[in-house]
Each structure stands twice: as C-alpha cells, then as structure tokens.
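Me: Got a model open here. Can we go through how its parts fit together?

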There are 2 protein chains.
Amino acid sequence: MLSTGSALNSLLIHTMLAEIIAVGSELLTPFRQDTNSLFVTEQLNSLGVSVVFKTIVGDRKPQLAQAVALALGRADIVCVMGGLGPTEDDLTREAVAEALGVRVRRNGDLLAALYKRFAERRISMPANNSKQADLIDGAEILPNANGTAPGQWIDTVVGEHRKLLLLLPGPPFELKAMFTAECLPRLREALPPRHIARRVLKIAMLPESEVDARLAPIYTRFNDVETTILAHAGEIQLHLQCAKAILEVAQTRVNELASRIEEEMEDAIFSSHGESLEEIVLYYLEIRGATVAVAESCTGGLLAQRLTSIGGSSRSFVGGAVVYTDALKVEFADVPEDMLEEKGAVSREVAAALAHGIRRRVQSTIGIGITGIAGPTGGTEEKPVGLVYIALDDGKEINVCERNFRGDRDRVRWFASQQALDMIRRKFM
Amino acid sequence: MLSTGSALNSLLIHTMLAEIIAVGSELLTPFRQDTNSLFVTEQLNSLGVSVVFKTIVGDRKPQLAQAVALALGRADIVCVMGGLGPTEDDLTREAVAEALGVRVRRNGDLLAALYKRFAERRISMPANNSKQADLIDGAEILPNANGTAPGQWIDTVVGEHRKLLLLLPGPPFELKAMFTAECLPRLREALPPRHIARRVLKIAMLPESEVDARLAPIYTRFNDVETTILAHAGEIQLHLQCAKAILEVAQTRVNELASRIEEEMEDAIFSSHGESLEEIVLYYLEIRGATVAVAESCTGGLLAQRLTSIGGSSRSFVGGAVVYTDALKVEFADVPEDMLEEKGAVSREVAAALAHGIRRRVQSTIGIGITGIAGPTGGTEEKPVGLVYIALDDGKEINVCERNFRGDRDRVRWFASQQALDMIRRKFM
C-alpha cells in the first residue's frame, strides 16, 4: 500500500511525466523480469520527473508501435529499453519510427563506426549488424560505450506538446552507462532545474493501518513534501521527498516533517536515515559495548544469518546454536529436560531457558531464545502454527514475548526474527 | 541467458492471450517492483495461455480504467493485481467497473463476513474497510483465505469476444493462495484443454557456459521441445516444455530429452523434477536414515536456515552451532585451541575439526564445518576474501573442499552454503 500526501501536490512537484517501455519477449516469461526500470525511475525522479506508466511488451512490431504511440499520448518523456540489437527480433527502431510517422534511414557514420569496431576485433561484421546503423528521422545518436547498439535521442513535438523519446539498449550494463553519460546531461538541459531533498524512516512490528492512522494527520499538513508509505513484512518504510528552488529549503522541510513523525512514533522508529534493522541492532550493540548470542529453534539459524549478513557483525555477534531437537536444547543451551517434558519445547519457559542458557554458556551480554511452530504441520489447537515465543535475557531479567504470526513457514520465521531484532534494539537504544 | 527451441512452436502452443496489470503507485518508484506477474505468468503458461503485455499503473482511477479498457481490447484474459485494499488509494474495483461500463454495489454477505472477521479478532472494523465489500456487477466473489480483500472473477463479453477479468489482491501471499484455490479451477473449466508436458532439471556448481556447450548439441535436435536455460548463483535450471495433441506423446518427448541430458550431465544433475537443492538433500538424508548437524562460521547460520526452510526438515536436521568467534568454535565444536592459533580460524584443519566436533557432540550421522572469509574486509594476500573451506565428516572420513568464490559477502556466503549442500547430496545420492 502506498499513501501519498496529496495527488495534487505530487503534480506540482513533478510537472513532467514519463513512461517506461521495456521491450523483449523474455520479459513476458516466468523467468525474467525488467529491472532496468528501477534504475531509470530513480534517475528520472532525481530530475523531478514522475514515472506514471510502465509497459512490458514482446518483440512484435505492431504491439510495440502501439505501445509507443500510446505512451507519446500520455507522457512527456518516453524511455524505450531494449530491442536495439542486430537480430530480426530487434524491432524498436522501426516501431518507434512507425509510431512517430517518420522513416528510418541507414546512417553512414554509424555504419562506418560499426565496421571499424568489428575490424578492430579482427572479425568481419555479420550482415545483420548493419541494422544497428539505422537512425530514426530527427534522432540524435547516443553513443554506446559498452556495446554495438547505439541509443537514440528524439526531441520532437506531438500534437503541440514537446516530447522526449529515448531509445536505450536492454543490457543493464550498457543502459546504465549510456543513461548516465548521454541522457542525464541532455535531460538536465531540457528540463526545468529541480532541487530535491529526501529522507527514509523505518518502523518495525507495527501494522501499516496503525502507522497510517497516526501519521496521516501529520504528513497531510506538509503539502510540499511527498510522503510514501511502504509496507514490508514486519517493517514500514516512510519515504519523504521535497522539491524546492533552493536545496536547503527542501531539506529543511523534509527534516521538519521527519521530526514531527519521530515525535509521534517515538521509539517505534528504528531508522531515520534508511539503515536496515540488522545494521541498527549491530550499531546499538557496538556503541553499548554489548554482545549477543542466539539459541534458535523454529527460526533455524535465520536470526544468526540476518545478523551475520552485515560486514563487521563479529564485533557484537558471537554466535549461538540452532537447537532444532530437544536433545540440542539440552546440549547447547542447558534447558532442563524435565521442563521440556512438562511445558513442551514450544513454551514461554523453554524460550526463557534458551535465552538464559545460551547467554551463560557463551558469556555474552544478552542471549536470545526463540521457539515456536513455523508450520505447515506440527500445530495443535492449544499451540497453533504461528505461535512463537521470543525471549531476551540481559543478565538481570528475562523478557518473553508471545506472538501468533499468520502466514506460511517463511513468513512466520521472518516475523519471529524481526521481533527478536526489534527486542534487542529496544533494549539498547 | 535464455535460449528457446523455437518461437514458432510456442505460437502453436499458446492461442489464448493474457495481459497482466499491476496496480500501485509504489510499483512506479525505484523501491518496489511487481513480482506477482512472474507467478501468474507461470500459472497461465501452464494452461496454454501466453502473456502478451504487462502494464504497471499507479493508484489513479482514470489511468487505471484506461489501462483496463486497453487490455480488454487486446487480450482474452486480463489479470488486475492490487488496489483491492480499504484505503482511498485502492481504486481497482471502481476503475474496472468504469472500463466495463457497469456499476459497483456493496454486497451484504461480503460486508457481514468482514465484520465477522474483525469481530473474531476483537477489533472493531474501521469504516474504510466496508469498501472491500463492493462487488462489480456480474462479478463472482473469489474468497481470500489470507486477507480482508476478496478477489473478483468476471466472465463477460466485450465486442463479441469472451473476456475473463480477474481482480486479485496485491500481497503475494494472498494472491498466490487465491490464484491456486479459486482461479486455476475456473480457468481450467473456461479454457480449451491443453496438453503440455514439462520437466525442470537442475544442476549445481557448474558454470552456465559449460552446461550450454555440452547441452546445445542435444536440445537443438529436439525441435518440438522448448528448452529454456536459466542461470542462478551456483545453480543452472533447464526448463523443458512440449505441447502435443496427446499428453502422453508430449510427456514422452520431454522425458526423452531429459534422459539425453541426464546421460550427458550424469551426477551433476541434482534435481530431475524441479525440487530445490535443500529438498533433495533432505530427501536423500531421510531415505538413508541419516542425520546432519552443522558448525558454521562465515555462513553464520545460512546453511541451517536453508535446511530448516523446508517443512519436515526436523526428521534429518538436528541443529548445530553458529561458531562466529574462536571461543565458540572451542565451546560448541571442540576445535583445539592450539589448532586455531597455529592454523588460523580460516583453514582446512579448522573446517575439518568443526565438522568432526559437531558430529561427535550431537551424535549425528554427518557433520558439516564451514569457515572462510566472506568479506568485504578481513582478507589478506594469503587468505583473500572469498576463500572458504567446507568440510564433511561422515564418521569414516573427513572431506574438505577449498574454494575461492568471487563476488560480494552475500554471494560468497550463498555459494559456500550451496557447495555444502551439494557435498551432502553427493555423499548420499
């Protein structure tokens, strides 16, 4: 779900609208996905341009020409990515020309450059490749530093409106270099200057509806700041963005809104500059000179894996045990056997014993114990799938949190690890 | 890289065309991407339906209605994903109704079900949520087992052509369950029967170029089987697909090609029916009545986490230790302290001692020890980032594998866990 401060407002910020068209039949299979558009969107946003549509179309000329014509009717800037190669399936040049009602002509300079490129590698150019020297009438060549397919830049007028049309190669490595070197300077020159300030705040383990209910009265009063709320599993992100004539003014407004949000949400906010929960937890542990060890049952190593995914985590994370069987709960975390028998492995008591046992065994500042039923099987009426106990022992007291997570095995395990990280954060923040 | 046996052949297979529309302004930011369409495409392909367009559109009614109207004009099946939530931004119901020229009506049964759902959780329903009881005229309700947003199924006629319109919730967890339980049976009934045979073979720890060089001479001789080669980190997938008038004939052709590939690749193939490496490893362990325990240093729990991500893994996986510090290598896996001092924590000897120690401590059939330098820091000239030792002790002998993985921290850790899984597989296959 995404909430924006005001639709009208975002029209004021972004006066120019873009559409991205990704070309390639492989992008319509279950195996491949366009990812270039994320990069292009980021670049366009930084110039104050909003992306309003993305279209993915196969290697068929009529469909591609239709998509381009449609995009020219509803966007100021159209980026067509892919279909510039030398094969029969590469139809972007012809389709764009058709949509614009102009011709494609073989360009002598481009053709010579292609021959030269192949000659330098001592291979003769396949006949097909000469196609890559076809230039749409009115287009400017965008040199490709990393491949044979040149891009094209078309600055034209369609029905009294100025339109910018960019033809870019599909391989990300070629596209990114060309966009940065060739398109950004041209776009900066063509577009009104923009100064955009940004911040990202993050909140763990609160439902999106609650976050939105508490924050909507605040961010809606900042009409000049675009607020985007993104919900992930166990995490809400708030993206703030403001465009002004002067960058400092934009930054001040973003910071003002961030402060108001921080006042309202208090310690629910774990990150105020985009850091991940793992990074924040390790940061707090390190500045407090504290160490952590884990004894994981149902999460099976996920919490340890998340903490150690951050470089330098060994400064605060010492390790722990994956105590999947009862025997290992005894062996590595000294859980009393009679407790396992009386209370069951999934119980408040065993979670506490795991946290306590692992902390004592490895002499860490805190110990975390997690036990639960991740599913899909193993649930009972009394102890259903999704029931998880997460315990934190800091040497003075043991806190145990009981949660009933909904969802599949992956989701239950993820939420349990997220809850554990948030408990550590709250202990040391 | 993607290689397809024959484009013409895939035209013969697919006669029904689909368009997928992903709704949500967040999908037009640099932060989020539609991934549902990959799942939906796979499901549609399995019914003989080709996806010809994907459109991503923001939470704005006119644009969404325009996209739906366009899709109805060029596809037989239109899947609209997202925008079924309770907020003002959730406009899919209204936009689809507008595109079809029909009305939306609040449905009493749906409303009652919503109230009941909230009541069961002892929370009162926010007024907004009643919006989720709005049903498009002519639509059938698709129950949502995992959320408050019901889907809608519309079987209608637009300009003499029968059209199927599916409204699905955006959260992948809700969408997948609804598509499988509600849409697949309806689509099977609505579509002409197709006889498509498929197989997925998987290969671990070989480079794509080697796999393709060895297999291209084989699969190119099977013109009626579409072969797609997908390269992931440490894993190559071969997707084989064949459509015939009679299913058995298609299945025979796919099996023939699969057999030829298996002959060529021998034991490099770990999966011949699409199973994951984790599943295969657990399967072999179980049929051999063997158990495994792990002692992980640089992978920090990743191997344990991957094994325990599979339901029922407790039958063969007993647990283990994340021995991030030297002290824990001693404490949980009995690595001799003088060995750590003399050879260093990242050494062939310590890997072997970890495998041996964890196996002895927990009395498992085999023990795995992993130690290495995941980076980005900690490398030296002698022991560079990416150097990993993976050891397997089966009680008779200890095998240690030394690898130099290239890439970032995530990639080094992933490859190390992949290598460990492949070693277990080769031991028990």
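**The shared sheet**

Reply: Sure. This is a predicted model. An open sheet of 10 strands runs in the order β17(A)-β16(A)-β15(A)-β13(A)-β14(A)-β14(B)-β13(B)-β15(B)-β16(B)-β17(B), and its pairing is mixed.

Me: Which are the edge strands?

Reply: β17 (398–404) of chain A and β17 (398–404) of chain B. Each pairs on one side only.

Me: And how are neighbouring strands turned against each other?

Reply: By 15 degrees on average, with direction ignored.

Me: What packs on the sheet?

Reply: Helix α11 (residues 326–333) of chain A does. It touches β13 (292–296) and β14 of chain A, plus β14 of chain B. Its direction makes about 150 degrees with that of β14(A).

Me: Back to the strands. Do β14 of chain A and β14(B) pair in which sense, parallel or antiparallel?

Reply: Antiparallel, over five bridges. In that pair, V323(A) stands opposite G319(B).

Me: What about β16 of chain B and β17(B)?

Reply: Strand β16 (residues 387–393) of chain B pairs with β17(B) in the antiparallel sense, over seven bridges. There, L392(B) stands opposite N399(B).

Me: New topic: the interface. How many residues are in contact?

Reply: 58 residues of chain B contact 58 residues of chain A.

Me: Which elements of chain B supply at least two residues of that side?

Reply: Among them are the helices α2 (36–46), α13 (348–362) and α14 (409–428), and the strands β2 (49–57), β10 (226–232) and β14 (317–323).

Me: And what is that side by class?

Reply: On the side of chain B that touches chain A, 24 residues are nonpolar, 24 polar and 10 charged.

Methods:
Residues are numbered from 1 along each chain as its sequence is written. Chains are lettered from A and ligands numbered from 1 in the order in which they are written. This is a predicted model: local features need pLDDT of at least 70, side-chain atom pairs count only at pLDDT 80 or more; totals for chains, interfaces and linings use all residues. Two residues are in contact if their C-beta atoms, placed from the backbone, lie within 7 Å. Helices (H or I, at least four residues) and strands (E, at least two) are DSSP runs, numbered from the N terminus. Ala, Val, Leu, Ile, Met, Phe, Trp, Tyr, Cys and Pro count as nonpolar, Asp, Glu, Lys and Arg as charged, and the others, Gly among them, as polar. Two strands pair if DSSP finds at least two bridges between them. Axes are lines fitted to C-alpha atoms, for helices over the stretch in contact, and angles run from 0 to 180 degrees between N-to-C directions.
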